[in-house]
Amino acid sequence: MQVSRRTFLVTTGVGGLGAALTTMGQVRPASAQRRALVTIAFPETITSMDPHPAPRNSPREAMYEAVFDRFLAQDRQLKYHGHLVTSWQWTDGKMGMELKVRQGVKFHDGSDLTAEDVAFSIDRLRQVSIYRATYGKVKEIKVPDRATVQLVFERFDPSFPRWLGFLAGFVVPKAYFLSLGADDKSRSAEFTKKPIGSGPYRVVAFTPGSTLILESFDRYWKGAPPIRRAVFKMVTDPTARVAEILSGGSDITAEVPVEEFTRLSGQAGLKAVRNPIADMAELFVSPRFDPFRMEEVRLAVHHAIDKKTIVEKVLLGFGNPTSTTEGPLYDAYDPTFTFAYDPQKARQLLQKAGYSPTNPLRLGVMTTRGVRAKDFEVVSAIAQMWKDVGIEAELEVITIPQWFQYRSNRTGQGKGIAPLSLYYAGRTREAIERGR
């Protein structure tokens, strides 16, 4: 789902692998729209304002999308529509694609955005992005005029248009970026110090991992945004986010502890909001864990998880158990598919795979702590459910950047991703807003 220019905190959702939960809540700061300044205690951090190579999960996109425009955009029904790229169509038997680039768009330095910038950004994505496996399918990029980009693919990829409106699919100014250094690494470092995009906000100041201060861009092609200045405070500790709201240090926050939601919503001057959204709590399965080569082991790990109890007892009702890695509105969502909680079947499957109470399946599990509401507690509850069927789990707390780092390590040298790891793909959930 597209980040709203007015709310900042609404970010996209995406599915993945493993057992999943959908969680609830989003912020709609109606009163904040009339303010000259809005301060947000944000549950994520970013250390680079270069939107292409930076490791990310979906909520971080809010900060990038305030500054940069995407090729395509999604509406709240997850339908794709034109943005900087106004139209796109397959050519040459679906081995090519022609993109038409919106004219009259300005970067924050006043320069025109043209097809050269779109082509340059796609080229960078296929070289430095963590999604280069997708963009790498583009083998040639042509710019016949300032309003047209032509792509030639090495093979047909029906999902490619969706990537143009997803995650790292942002446009940066080619001439400005290339002027910043001799190679991409040095340019990226300099770009982070003074980033320039074409989005509704320009960067006033950026302290990596701490604060992002934005000011509205009056020449934005969709019109100047209604909030004059926005401050993102990157506050990863949920208790600290609550303190920010209670002290008046921030106007909006999200990912508050679920047990605090009711208490805060009853306080004068605060408004608490929660709505169902596509935020999936997933257990990412490592293909390099030998026991997972056996289907019985993979099924046993899943059948042992009581998602209904996790939603009721751990998340206190802030969620919905689901059997798929996609939520409603996604094309891959199948409400008819169910995956039963069946601890007895899990025990039988483990026994068939050669495991027993005296020879339990042992596996490591990585989890964040405080990045999402009750993330560590959810994994701890799952670990106890596994123990009941003969699976011994060792938990390790990591950060989101570490998750990407370990997942990308396929060399066998250094630390890799654990056999299972918690990953949330989706948007922020319950939120508290000051001012009503």
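Here's a quick briefing on some strands, one sheet and the salt bridges of this structure. Keep in mind that this is a predicted model. The salt-bridge count comes to 21, and a β-α-β unit built from β16, α12 and β17 is right-handed.

**The β16-α12-β17 unit**

- Strand β16 covers residues 361–367, and it's mostly tucked away, with 5 of its 7 residues buried.
- Its pairing with strand β17 (residues 391–397) is parallel and runs over 7 bridges.
- Two of the matched positions are valine 365 with leucine 395, and threonine 367 with valine 397.
- Helix α12 (residues 375–389) joins these two strands in the right-handed unit.

**The four-stranded sheet**

- Here we have an open, antiparallel sheet of 4 strands, ordered β5-β6-β8-β7.
- β5 (85–91) and β7 (138–145) each have a single partner strand, so one side of each has no neighbour in the sheet.
- On average, neighbouring strands are turned by 20° against each other, ignoring direction.
- Helix α2 (residues 115–128) packs on this sheet and touches β5, β6, β7 and β8, while its direction makes about 170° with that of β7.
- In the sheet, β6 (residues 96–101) and β8 (residues 148–153) run antiparallel, joined by 5 bridges.
- Lysine 100 sits opposite threonine 148 of β8.

**Salt bridges**

- Side chains of opposite charge can pair when their charged atoms come close.
- Arginine 202 and glutamate 215 form one such bridge, with their closest N and O atoms 2.6 Å apart.
- Arginine 202 is in strand β9 (residues 201–207) and glutamate 215 in strand β10 (residues 211–216), so this pair links parts 13 residues apart in sequence.
- As for exposure, arginine 202 is partly exposed at 33% relative accessibility, whereas glutamate 215 is buried at 14%.
- Glutamate 259 meets lysine 374 at 3.2 Å, N to O.
- That one ties together parts 115 residues apart in sequence, because glutamate 259 lies in helix α8 (residues 258–265) and lysine 374 in the loop between β16 and α12.
- Glutamate 259 is partly exposed, at 46% relative accessibility.
- Lysine 415 and glutamate 396 also pair up, at 2.3 Å from N to O.
- Lysine 415 belongs to the loop between α13 (400–408) and β18 (420–425) and glutamate 396 to strand β17, so the parts being tied together are 19 residues apart in sequence.
- Lysine 415 is partly exposed with a relative accessible area of 40%, and glutamate 396 is partly exposed at 28%.
- There's a network too: Asp50, Arg124 and Asp184 are joined by salt bridges that share partners.

Methods: Residues are numbered from 1 along each chain as its sequence is written. This is a predicted model: local features need pLDDT of at least 70, side-chain atom pairs count only at pLDDT 80 or more; totals for chains, interfaces and linings use all residues. Side-chain values use heavy atoms; hydrogens and water are left out. Buried means under 20% relative accessible area, exposed over 50%, partly exposed in between (1.4 Å probe, protein chains only). Two strands pair if DSSP finds at least two bridges between them. A crossover is right-handed if, with the strands pointing away from the viewer, the path from the first strand over the helix to the second runs clockwise. Axes are lines fitted to C-alpha atoms, for helices over the stretch in contact, and angles run from 0 to 180 degrees between N-to-C directions. Contact means heavy atoms within 4.5 Å. A salt bridge is a side-chain nitrogen of Lys or Arg within 4 Å of a carboxyl oxygen of Asp or Glu.
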